Amino acid sequence: MFDKLLSELIIRILNWLLLLMDRNVYVWHALAGYWGGVKPAATGMEHYDTALAYPVQSPGVLGNQPDIVMDSLSVHGLGLVHPKKVFNFYDELHAYLASCGVDGVKVDVQNIIETLGAGHGGRVSLTRSYHHALEASIARNFSDNGCIACMCHNTDGLYSAKQTAVVRASDDFYPRDPASHTIHISSVAYNSLFLGEFMQPDWDMFHVSYTKLISNYNFVSACFFRC
């Protein structure tokens, strides 16, 4: 039933996108599957050897940007697919999405993996395993390297990615917080100077209808950096 509903949804989206002269449909998922990972021992998913892992954050991150979500995961854990099984996880997920007409994926929450390296050879080894598995599955299931990397500015992730071509350069955009707008644009511009040397920066989201001034700021800035 769900397969049929997703396929019908993709067809409706494609018909709408034809009006915009675009035919690409991407689906979101996190590098760990979902925000909290994959449920251990869930029916039909036992072969992924998923186990609860507990994020360990660095003092620098905790001092700069404490996060209630990370605090929750540190207590309740994240369902981490075993790195030796993660290619199978991605391949089955992406093959299913491709069969429904999806062209690619936006892979979010990538930096969470660097906090889960204990017992898996450390953060660099775990991150490299996940990225290599992800890119192998992308190459197998989607044409045109259909992947957008998101929340991935940790160096382990950036240096482990070998094929991913598009990277989100921005933090979240807060349209109802005017004080954040120019800071948002300037930080994304600085990020693009670095990221643009080896990936295509994506300025992600901004509201074209919120106010004319904000829209113009974002649009002109994105064009200037070819994003």
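**Burial, pairing and sheet order in a predicted model**

Q: Why is D91 called buried in this model?
A: D91 has a relative accessible area of 14%, and the term buried applies to values under 20%, so D91 falls on the buried side of that cut-off. The structure is a predicted model, and the percentage is a value computed from its atoms.

Q: What makes the contact of D91 with R140 a salt bridge?
A: The closest N and O atoms of R140 and D91 are 3.6 Å apart, and because the criterion asks for a side-chain nitrogen of Lys or Arg within 4 Å of a carboxyl oxygen of Asp or Glu, the pair qualifies. The two residues belong to distant parts of the chain, with R140 in helix α5 (residues 123-141) and D91 in helix α4, 49 residues apart. Side chains of opposite charge can pair when their charged atoms come close.

Q: How do you know whether R140 is buried or exposed?
A: R140 has 57% relative accessibility, and exposed means over 50%, so R140 counts as exposed, whereas its partner D91 is buried.

Q: What makes K85 and D49 a salt bridge, and where in the chain do these residues lie?
A: Their closest N and O atoms are 2.7 Å apart, and the limit is 4 Å, so the pair meets the criterion. K85 sits in the loop between β3 (78-80) and α4, while D49 sits in the loop between β1 and β2 (51-53), and the two are 36 residues apart.

Q: Why are K85 and D49 each called partly exposed?
A: The relative accessible area of K85 is 25% and the relative accessibility of D49 is 40%; the partly exposed class lies between under 20% and over 50%, so both residues belong to it.

Q: How do you know the burial class of each residue in the salt bridge between D172 and R168?
A: The closest N and O atoms of D172 and R168 are 2.7 Å apart. R168, at 6% relative accessibility, is buried because buried means under 20%, whereas D172, with a relative accessible area of 33%, is partly exposed. The structure holds 4 salt bridges, including the one between D172 and R168.

Q: Why are β1 and β7 described as standing at the edges of the sheet?
A: The open sheet has 5 strands in the order β1-β4-β5-β6-β7, with parallel pairing. In this order β1 (26-30) and β7 (200-202) each have a single partner strand, so one side of each is left without a neighbour in the sheet. From one strand to the next, the twist averages 30°.

Q: How do you know that β1 and β4 are paired?
A: Pairing requires at least two bridges between strands, and 5 bridges join β1 to β4 (residues 104-108), so the two parallel strands satisfy the rule. One of the positions involved is W28, whose bridge partner in β4 is K106. Helix α4 (residues 86-99) lies across β1 and β4, running at about 160° to β1.

Q: Why is V105 called buried, and which residues does V105 touch?
A: V105, which lies in strand β4, has 0% relative accessibility, and because the cut-off is under 20%, V105 counts as buried. Leaving aside residues up to four places away in sequence, V105 touches residues including Y26, V27, H94, L97, I138 and F142. The C-alpha atoms of V105 and Y26 are separated by 4.8 Å, although the residues are 79 apart along the chain.

Q: What makes W28 and M151 eligible for a surface patch?
A: W28 has a relative accessible area of 31% and M151 has 31% relative accessibility; patch residues need over 30%, so both pass that cut-off. W28, Y34, W35 and M151 make a nonpolar surface patch of about 400 Å².

Q: What makes the backbone at M151 and V109 worth noting?
A: M151 has a positive phi of about 50° and V109 one of about 55°, although neither is a glycine. M151 is found in the loop between β5 (147-149) and α6 (155-160), and V109 is in the loop between β4 and α5. V109 has a relative accessible area of 8%, so V109 is buried under the 20% cut-off.

Definitions and conventions
Residues are numbered from 1 along each chain as its sequence is written. This is a predicted model: local features need pLDDT of at least 70, side-chain atom pairs count only at pLDDT 80 or more; totals for chains, interfaces and linings use all residues. Side-chain values use heavy atoms; hydrogens and water are left out. Helices (H or I, at least four residues) and strands (E, at least two) are DSSP runs, numbered from the N terminus. Axes are lines fitted to C-alpha atoms, for helices over the stretch in contact, and angles run from 0 to 180 degrees between N-to-C directions. Contact means heavy atoms within 4.5 Å. Patches are made of residues with over 30% relative accessible area and no salt bridge: like charges are joined within 9 Å, nonpolar side chains (Val, Leu, Ile, Met, Phe, Trp, Tyr) within 5 Å. Accessible areas come from the Shrake-Rupley method with a 1.4 Å probe; for residues, only the protein chains shown count as cover. Buried means under 20% relative accessible area, exposed over 50%, partly exposed in between (1.4 Å probe, protein chains only).
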